[in-house]
Amino acid sequence: MIVCAASNNAGKLKELRRILERMGHEVKSLRELGINLDPEETGTTFAENARIKAEAFCKASGLPTVADDSGLCTDALHGAPGVYSARYAGHHGDDDANNAKLLRELTDVPEEQRGAKFVSAVCFMLPNGRALEVEGECPGRIAFTLQNGDYGFGYDPLFIPDEYGAPDGKRPNTERRSYAQLTPDEKDAISHRGRAMEKLEAELPAFLG
Ligand SMILES: O=c1nc[nH]c2c1ncn2[C@H]1C[C@H](O)[C@@H](COP(=O)(O)OP(=O)(O)OP(=O)(O)O)O1
Ligand SMILES: [Mg+2]
């Protein structure tokens, strides 16, 4: 089917597009649809915010719409930045400032207390208002310095997933590669978003009836 991938974040959009295309859908971005809208994310949970975005963009596009609300939750900061991940350093979507702030907040936190997880809530909404909501998580750790790679966006250079995808399944991340140092396939197989979309794919046939 033709699906609106509803994100104003270029890095996230790229991931949603490739996963949805792998699922066999035709993807339209907000830009391709001429939709210039940034709904206020007033929810207190990832799921609430995903639904707010899915609803707004589904209305605007008239297409089945996929929205994702996601973020990084750290143990040492009791779940922060969480739903505030995009605006952690104050200015929405300033990845460099957000990464710098996270490193600063965790300056004296030792390795064994640097556990974290990435969370993605995905809401798939039909123009008739029915919605399918799923969530995915990826456990990992926060690095001590930026580990930039050939890929990634947002907090990717600071997140070390516990495992990553390999052709023969998943393998433990003993090399401590960051999300930014994984190929798209290696990331999608274990990422919060990849896992949420895996659930969506599994539940979609029954939902559509
Ligand atoms: O795989 C990821 N790798 C790195 N960083 C990530 C990832 N997934 C979410 N993130 C970060 C980006 C942003 O700081 C926040 C999401 O905020 P979130 O409101 O869901 O997205 P957004 O405002 O960037 O775009 P939009 O709402 O239009 O989809 O978490
Ligand atoms: Mg947002």
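Reader: Happy to dig into this one with you! In which strand is the place of Asp69?
Author: Glad to have you along; please keep in mind that this is a predicted model. UniProt, in an unreviewed entry, places the feature "active site" at Asp69. As for secondary structure, the place of Asp69 is in strand 3.

Reader: Is Asp69 buried or exposed?
Author: A residue counts as buried if 20 or more other C-beta atoms lie within 10 Å of its own. Asp69 has 27 other C-beta atoms within 10 Å, so the answer is buried.

Reader: Leaving aside neighbours within four places in sequence, which residues is Asp69 in contact with?
Author: Let's set aside the neighbours within four places in sequence, as you suggest. For Asp69, that leaves contacts with Glu41, Phe46, Asn49, Ala50, Lys53 and Ala121.

Reader: Which residues does UniProt list for "binding site", and why do they gather at one spot?
Author: The unreviewed UniProt entry lists Glu40 and Asp69 under "binding site". They span 30 residues in sequence, but that does not keep them apart in space. They gather at one spot because no two of their C-alpha atoms are more than 12.1 Å apart. The residues you asked for are Glu40 and Asp69.

Reader: Where is the place of Glu40, and is Glu40 buried or exposed?
Author: The place of Glu40 is in the loop between helix 2 (30-33) and helix 3. A residue is called exposed if 12 or fewer other C-beta atoms lie within 10 Å of its own. Glu40 has 9 C-beta neighbours inside 10 Å, and therefore counts as exposed.

Reader: Now the sheet. What is the order of the six strands?
Author: The six strands form an open sheet, and their pairing is mixed. Strand 2 (26-29) and strand 6 (159-161) stand at the edges with a single partner strand each, so one side of each is left without a neighbour in the sheet. Neighbouring strands are turned by 35° against each other on average, direction ignored. The order reads 2-1-3-4-5-6.

Reader: In which sense do strand 4 and strand 5 pair, and which residue is the bridge partner of Lys117?
Author: Strands of a sheet pair through backbone hydrogen bonds, either parallel or antiparallel. Strand 4 (residues 115-125) and strand 5 (residues 131-142) pair in the antiparallel sense, over eleven bridges. In strand 5, the bridge partner of Lys117 is Pro139.

Reader: What angle does helix 3 make with strand 3?
Author: Helix 3 (residues 46-61) packs on the sheet, where it touches strand 1 (2-5), strand 3 (65-74), strand 4 and strand 5. Taking directions into account, helix 3 and strand 3 make an angle of about 155°.

Reader: Which residues come nearest to ligand 1?
Author: The shell around ligand 1 has four nonpolar, ten polar and seven charged residues. Strand 3 gives the most to this shell, with four residues. Of the 21 residues around ligand 1, those that come nearest are Ser7, Asn8, Asn9, Ala86 and Gly154.

Reader: Which two residues does a cis peptide bond join?
Author: Look in the loop between strand 3 and helix 4 (95-105), where Pro81 lies. There the omega angle is about 0°, and the cis peptide bond joins Ala80 and Pro81.

Reader: What is the phi of His78, and what is the phi of Arg176?
Author: His78 lies in the loop between strand 3 and helix 4, and is exposed, with 8 other C-beta atoms within 10 Å. Arg176 lies in the loop between strand 8 (169-172) and helix 5 (184-188), and is exposed too, with 12 other C-beta atoms within 10 Å. Neither His78 nor Arg176 is a glycine. Even so, phi is positive at His78, about 55°, and positive at Arg176, about 55°.

Reader: One last stop: what separates the C-alpha atoms of Ala97 and Arg87?
Author: The place of Ala97 is in helix 4, and Ala97 is partly exposed, with 13 other C-beta atoms within 10 Å. Not counting residues up to four places away in sequence, Ala97 touches Ala89 and His91. Arg87 is ten residues from Ala97 along the chain, and their C-alpha atoms are separated by 9.5 Å.

Definitions and conventions. Residues numbered from 1 in each chain as written. Chains lettered and ligands numbered in written order. Predicted model: local features only at pLDDT ≥ 70, side-chain atom pairs only at ≥ 80, totals over all residues. Pairing = 2+ DSSP bridges. Helix = DSSP H or I, 4+ residues; strand = E, 2+ residues; numbered from the N terminus. Axes fitted to C-alpha atoms, helices over the stretch in contact; angles between N-to-C directions. Contact = placed C-beta atoms within 7 Å. UniProt positions renumbered as here; feature names shortened; annotations may be inferred. Near = placed C-beta within 6 Å. Nonpolar A, V, L, I, M, F, W, Y, C, P; charged D, E, K, R; others polar.
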